[in-house]
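Hi,

Here is the model I said I would pass on. Have a look at it first, and my notes on what turned up are below.

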Amino acid sequence: MNENRRQILEMLAAGKITADEAERLISALEPEPAATVGEFSGRIAGSNGGKEATVKTRAKYLRVLVEADETMTGIKGPTTVNVRVPMQLLRAGVRLASLIPAQAHQQLDEALSRHGVPLTLSQIKPENLEELIDHLEDLTVDVDSKEGNATKVRVFCE
Amino acid sequence: MTPNIAVLQIEGPHFHMPRLWLPIFLLWIPLILLSPFLFLVIFGLCLAGRVSPWRAIAVFWAIVCSLPGTHVRVSTQNSQVLVRIL
């Protein structure tokens, strides 16, 4: 038990802090979780052999895997779709929205809301989209259909 | 980086096409030759649509340069389509 944790427990015993506060303080003292996909923890070359650092590697591709059976596609036998798209292509593609003339934005917004998509194109800014794509790197979608249907969809970044 | 080579393969139940390696970089030659005409068309369309032609060219160029690495494979029991852009 380290010194910080002992102090927290002593404060809790003395009634200076509540149990919830003690739990939060102890959680804050806990080390970072182990490196996940897309993160690398290790020593940086030339770091004097001291501290470790976490470097997040950016995903380069968005991959979509679809496996569907006959009942879904109507085609005899299983159908497999494997698409890999560079993330850079997504960044470039979202810039297409900037080419839409301003007078068309309102009509598009109305059409989208009629179809159940409450999106305002004029309020979409490049920095918002960049942030969205950056968060897309943490996205993993696994869809398994119900029994009797062998359709699977996987969307992830690599 | 602009795309240089496209790999294309289509297989069906009754035919088999060998994997084609298409040299996309050779398309630059006719594109350069036609560029004045293409620029006129693009500028005309952009001005008609009240869109900045420079922005349109920049977006198009960004899309083209980000194509390398695209990989599409659709396969069924009897057929397969493969498209790769290198």
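Chain B has 2 helices and 4 strands. Going along the sequence, the elements of chain B come in the order β-β-α-α-β-β, so to speak two strands, then both helices, then two more strands. Bear in mind that this is a predicted model.

Not much of chain B counts as buried: buried residues are 3% of its 86 residues. As for how chain B is held in contact with itself, take the contacts with a separation of 6 or more: 41% of these join residues 24 or more positions apart.

Now for where the two chains meet. Chain A puts 22 residues into the contact and chain B puts in 20 residues. On the chain A side, two elements give two or more residues each, namely β4 (79-86) and α4 (87-94). Of the elements there, β4(A) gives the most, with 8 residues. If you sort that side of chain A by class, you get 12 nonpolar, 7 polar and 3 charged residues.

And what does β4(A) pair with in chain B? With strand β3 (residues 71-75) of chain B, in the antiparallel sense and over 5 bridges. If you want a spot to find this pairing on screen, go to N82(A): its bridge partner in β3(B) is R73(B).

So β4(A) turns up twice in these notes: as the element that gives the most residues to the side of chain A touching chain B, and as the strand that pairs with β3 of chain B.

Cheers

Technical notes:
Residues numbered from 1 in each chain as written. Chains lettered and ligands numbered in written order. Predicted model: local features only at pLDDT ≥ 70, side-chain atom pairs only at ≥ 80, totals over all residues. Contact = placed C-beta atoms within 7 Å. Nonpolar A, V, L, I, M, F, W, Y, C, P; charged D, E, K, R; others polar. Pairing = 2+ DSSP bridges. Buried ≥ 20, exposed ≤ 12 C-beta atoms within 10 Å, placed from the backbone.
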